[in-house]
Structures are given as C-alpha cells and as structure tokens.
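The following report looks at a few residues and the surroundings of their side chains. Please keep the sequence and the structure in view while reading.

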Amino acid sequence: MARIQIASEAGACYGVERALKMVEEAAESSEVPVHTLGPLIHNPRVVGSLAEKGVTVVSSPEEAAGHTLLLRTHGVTPDEESRARGLCHEVLDATCPFVKKVHLAAARLAREGYQVVVVGEKGHPEVEATLPHAPGAVVVGNPDEAAGLPAAKKIGVVVQTTQSRANLEAVVAALLGRAEELRVVNTICDATSGHQGACAELAEKADVMVVVGGRISANTKRLAEIAAGLCPRTHHIEGADELEASWFEGAGLIGVTAGASTPAAHIEAVQARIAELAR
C-alpha cells in the first residue's frame, strides 16, 4: 500500500484563516447583506461555499452600498477603500497583514525618492493594490523585464508576497547595474517561503505529488511548478473529486501539499480520497 505524506508546511496561512473567520462572523451577525470586494481569497470552492451562505462577490463598492463589505485578502486600492467607507453600512478590512507591509514599504521608498519596482505578476490583485501607494512604480515579473528598465539614481524594490525567493534574487541581480543605489525590502511572506521549501523537500522523494488549491491562486500555481520540477507525476487539483486512481499506480510515496488559500478540511478530504484510490 502506498504511503501518503503531507508536506510539513501546507494549507491556509494566517491571513486566510483570519479573513475566513471575519467573513463567517459577519455572515452570522450582520443585519444587512454581506459582500466581498473581489473574491475574498483565490480559491473558487471556498468562494462558492461562502455564496451558499449568502456572501456574494461584488466588483465595486457601489454594488455594496448600504451593505456590509469585506476588503479581500489581496488588498484593494486606497480609492476603492475610501469609496467603500463612504457608501457601505460597514467595511471590514480582511487585507492580509503581510500585504499591508508591502503597501507600507512601497510608500516609504517612494517618499524617500526611490524609483519603486514591484516584483510580481502584472494584473494580480495584490500588485494592483500596491501600485497606488507608490506613484510611478513599475512592475517586473522576471530578470529580463528588470534588465530592460531605464537606469535610475535610486531604485527601491518590494515584492509580491507569494513570489519565490529565487525569482526575487534573479531580478535583484538584473537591477544591480541599473541604479547607483539599490534598496531591497524582501516582503515575501514567511508562509510562502515555508510552503515552497516544504514542497520541494517532499517532491524530491515522492513518486507522485498532489497540489491542492485554486487554479487561479498564484502561490498554489508556484507550488505546482516547484513540485513538477522535482516530481514529474505532479497533479494540481482544486478538490478531492478530481483525483484519479490511475495517478497512483505503482507509487510508494504520495506527497500532498496545498496553497495558502486551502482550508485544512480540503486537505483532509484529499488525503482520505487518495487512501481509497491507492489501495
């Protein structure tokens, strides 16, 4: 029988657990409808379960006028927050505290005269929420993009919380020749680094890896990339119902990890289903 091992660090991080607690309490106590500004977290199954409890997603504060609105874990722009507080019955800030650190770092660098560079994914909600805190900031996703930036006297770097340390280091190396002074604020979340390290450690020895979490989740996709690079038989799923028995044929060790937006109950369900399929 195959052995199933869960990565030593996997699943919902502090910011996600905090946000889920906030939304559940709001759903139970609010006298008016409850909404989230954008998906609360990047896990469609969790968002779907919240919808079943009456918590719906809106795309603008205007859609939640007079109601309770939660600001998503990835953060929102200062303009969106200001509009929400002027329109909504109650605004609950579920922004991850580690994301707020990115905002503060970017703003501080901008005040001190640095050309701010955000290492991250263009268009990602966290990145979009960070940019207004540092007017004129630019986003780079890889070393090639960084090498193409104009030279500047002072460049200050912050990084999307779910980026890999390796990508940050590669971008910084590319920026070294673009500035007289380069200042780097490493804002990668500790949970992200821990998840990635534990994933790599398990994938190196596993015959099959299963990565659980939303397909739109940046940190989960990165875990799947890390796992696939070390274990070719890697599968990224959102839930236990996607598992297939054929994946586990001949496997001695099956590794399981999960993104930061994946509740413990989802991991447990996947583990139980693998145990049934891999007999």
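Is H124 buried or exposed? In this predicted model, H124 has a relative accessible area of 7%, and because buried means under 20% relative accessible area, H124 counts as buried.

**H124 and its surroundings**

H124 is placed in the loop that runs between β6 (115-119) and α5 (125-130). From this loop, the side chain of H124 reaches the backbone nitrogen of E126 at a distance of 3.0 Å. When residues up to four places away in sequence are not counted, H124 touches H42, H74, Q160 and A218.

**T234 in strand β11**

T234 belongs to strand β11, which covers residues 234-237. With a relative accessibility of 17%, T234 is also classed as buried, because that value is under 20%. A polar atom of the T234 side chain lies 3.3 Å from the backbone oxygen of A227, and A227 appears again among the contacts of T234, which are M209, V211, A224, A227 and A228 once the neighbours within four places in sequence are left aside.

**E63 between two strands**

E63 is found in the loop between β3 (56-58) and β4 (68-71). Its relative accessible area of 42% makes E63 partly exposed, because this class lies between the limits of 20% for buried and 50% for exposed. The side chain of E63 makes a polar contact of 2.4 Å with the side chain of S59. As for R3, E63 is separated from that residue by 60 positions in sequence, and the two C-alpha atoms are 49 Å apart in space.

The three residues can be set side by side as follows.

| Residue | Relative accessible area | Class |
|---|---|---|
| H124 | 7% | buried |
| T234 | 17% | buried |
| E63 | 42% | partly exposed |

**Aromatic rings**

A pair of aromatic rings is described by the distance of the centres and the angle of the planes. How many aromatic pairs does the count give? The count comes to 1 aromatic pair, formed by W247 and F248, with 6.3 Å from centre to centre and 70° between the planes. The pair is edge-to-face, because planes over 60 degrees apart are assigned to that class. W247 and F248 are both buried.

A ring also takes part in another arrangement, in which K154 lies over the face of Y114, at 4.3 Å from the ring centre.

Methods: Residues numbered from 1 in each chain as written. Predicted model: local features only at pLDDT ≥ 70, side-chain atom pairs only at ≥ 80, totals over all residues. Heavy atoms only, no water. Helix = DSSP H or I, 4+ residues; strand = E, 2+ residues; numbered from the N terminus. Buried < 20%, exposed > 50% of the residue type's maximum accessible area, 1.4 Å probe, protein only. Polar contact = N/O pair within 3.5 Å; in protein donor to acceptor, adjacent residues only side chain to side chain. Contact = heavy atoms within 4.5 Å. Phe/Tyr/Trp six-rings, centres within 6.5 Å; stacked < 30°, edge-to-face > 60°. Lys NZ or Arg CZ within 6 Å of the ring centre and 35° of its normal.
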